[in-house]
Amino acid sequence: MGTQKKEKQRRVRQNDTRDGNLRVKGENFYRDAKKVKHLQMYKTGRAVRNAKGEIIKEADLQSTDAPTARVDPNRKWFGNTRVIGQDALTHFREAMGDKKHNSYQVLLRRNKLPMSLLDEKDQADSPTAKILETESYEHAFGPKQQRKKPRNVNASSLEELAQITEQDSQKYDEKQELDSTLGLMGGSFLDNDDFTQAAKEAIFHKGQSKRIWNELYKVIDSSDVVIHVLDARDPEGTRCASVEKYIREECPHKHLIYVLNKCDLIPTWVAAAWVKHLSKSYPTLAFHASITNSFGKGSLIQLLRQFSSLHSDRKQISVGFIGYPNTGKSSIINTLRRKKVCTVAPIPGETKVWQYITLMKKIFLIDCPGIVPPSSKDSESDILFRGVVRVEHVSNPEQYIADMLTKCERKHLERTYEVKGWSRFEEDPELLEKASLEFIELIARRQGRLLKGGEPDESGVSKQILNDFNRGKIPWFTAPPKDEEERTGEDKKAGYKRKRAEKAERENAKKQKIEDKINAEYAKEEEEINGQVDENEKEDKQDEN
Ligand SMILES: Nc1nc2c(ncn2[C@@H]2O[C@H](COP(=O)(O)OP(=O)(O)OP(=O)(O)O)[C@@H](O)[C@H]2O)c(=O)[nH]1
């Protein structure tokens, strides 16, 4: 083999004039270091065997001694994922927990906050977590286990099981109601729940059709602020609890507020008590819709402006108006726009499809058809008196007059229709039926609405009475909850008492002043008289001397 010198000579001899490192024969002549290392690897990778082929020394990778290895955790592994430390998480939960459920506070940029961390699922809720409370470990998992699927156990006693079953069925009913409200069940809940429901006339299902609910979804989906319009005369009756629940659970980032419309039809203290009561759930405004003589318009516009400035990153915000038919949604929009932009009528179902109206450059309003959440608890007369049904389509309207008589006060009916003398059912409830017929007849005779043969037009008059009731001609309202009423009543009473006391005090002070004046005059006169008497006595003595 040649040496370095020989290699040089060979190059000269063969006219190989290339530059660069010369390959030196020997270890590195044919293989470079990398190649050699690679080849060495194959040698070490094999087990050493004896003549019989048994392994005497295992290969590196065949070793059964597990190497101790620990991987140091590093946040960078998570790449773009945002991570939060335990302390920061606790702080976040404490700071946000209360605010999240407060409808008077607004969380901005919710999509930038890890909101899902707030709703930590309670592990204790799962039946598996409680298994060892109800059964001993030995019986649940040990050799004496008797149950095939112990994780399904949820109750320790029969009573508890019965209670849980009841709760489950209640939850199921609620879900069914919500599903049917949302149109998911195609109204099957209504059909199979209660036979009275099934017996209800078709017109009493107004506002419950799938088409109307689809319109509602469109409005809710497109709105940033949802205004739930309530009739001030019956706010609880015209509240759609299932829709509120849907908004709270499915789209908590939307702002929900109540507007108590038609406040002109109820006394101020009732409106104040209702506003106080409803404000506990959501911000509430009292309103009277009228283009020329409205109430609450300024506050509502102010509130919408505030919502719009909260979402200053958006080009515009949309405000959806939802609620029972005939509560005045379209009227409120007309009031805000100060002109007739939506059709308004004293009949329910006037608004058929949703429509967009521009209030100002940054605020759009959306009118929605009236909706009625289906409920098995509402009777036909409940639905009728909420103004949901067109009275002209009701058959035998006289059957509802008795209910109306119990709702309204006698003096109001007497004043409205200028009639008197129907039976006093207040003292004997059995007279109610008779009283309602007498009431209809009295009005029919007074207004001359008689049929052939002088018979009163009962059906026509009853429809007119029901229409008058729904349009607010007959004074009526549902009383606010007892505590509010009492407190407002108490406030009022305390106010009256204080005023009376102040007045009495003022009068007493006045009297005292007069008395003091009189007493002072008396004292002066007495002094004068006494002075004169003394002088007379002196003169008499002088005369005697
Ligand atoms: N007294 C009084 N009547 C009102 C008020 N607001 C609305 N109304 C009347 O209520 C009736 C119904 O008003 P609409 O605005 O058509 O009601 P709506 O909620 O849009 O009704 P739908 O189209 O069925 O959804 C109309 O006759 C209005 O004049 C109010 O504040 N006071």
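Helix α13, residues 329-337, supplies the largest share of the shell around the ligand, with 3 residues. The model you are looking at is predicted. Its protein chain holds 19 helices and 8 strands. Here is a short tour, starting at the ligand and moving outward to the sheet, a buried leucine and a few backbone details.

**Around the ligand**

- There are 23 residues around the ligand, and those that come nearest are Gly328, Ser330, Pro346, Thr351 and Gly370.
- By character, the shell around the ligand divides into 11 polar, 8 nonpolar and 4 charged residues.

**The open sheet**

- If you follow the sheet across, you meet 6 strands in the order β5-β4-β3-β6-β8-β7; the sheet is open and its pairing is mixed.
- The edges belong to β5 (284-286) and β7 (355-360): each has a single partner strand, so one side of each is left without a neighbour in the sheet.
- On average, neighbouring strands of this sheet are turned by 25 degrees against each other, with direction ignored.
- One pair to look for is β3 (residues 225-231) with β6 (residues 317-323), which run in the parallel sense and are joined over 5 bridges.
- Within that pair, His228 stands opposite Ile322 in β6.
- Packed on the sheet is helix α12 (residues 297-310), which touches β3, β4 (255-261), β5, β6 and β8 (363-367). The direction of α12 makes about 135 degrees with that of β6.

**A buried leucine**

- Leu384 can be found in helix α14, which covers residues 380-385.
- Leu384 counts as buried because 23 other C-beta atoms lie within 10 Å, and the cut-off for that label is 20 or more.
- Leaving aside residues up to four places away in sequence, Leu384 touches Val389, Val394, Tyr400 and Leu466.
- Leu384 and Asn467 are 83 residues apart along the chain, yet their C-alpha atoms are separated by 10.0 Å.

**Positive phi angles**

- As background, most residues other than glycine have a negative phi.
- Lys262 has a phi near 65 degrees, a positive value in a residue other than glycine. To find Lys262, look in the loop between β4 and α11 (268-278).
- Lys262 counts as buried, because 23 C-beta neighbours lie inside 10 Å.
- Glu418 is not a glycine either, and its phi is positive at about 55 degrees. Glu418 sits in the loop between α16 (410-417) and α17 (432-447).
- Glu418 is exposed, because 11 other C-beta atoms lie within 10 Å and the cut-off for that label is 12 or fewer.
- Asn15, which follows α1, also has a positive phi, near 55 degrees.

**Helix α1 and the chain overall**

- Helix α1 spans residues 4-13, and the number of its 10 residues that are buried is 0, so the helix lies largely in the open.
- Across the 545 residues of the protein chain, buried residues make up 22%.
- Among contacts in the protein chain between residues at least 6 apart in sequence, 62% join residues at least 24 apart.

Key. Residues numbered from 1 in each chain as written. Predicted model: local features only at pLDDT ≥ 70, side-chain atom pairs only at ≥ 80, totals over all residues. Pairing = 2+ DSSP bridges. Helix = DSSP H or I, 4+ residues; strand = E, 2+ residues; numbered from the N terminus. Axes fitted to C-alpha atoms, helices over the stretch in contact; angles between N-to-C directions. Contact = placed C-beta atoms within 7 Å. Near = placed C-beta within 6 Å. Nonpolar A, V, L, I, M, F, W, Y, C, P; charged D, E, K, R; others polar.
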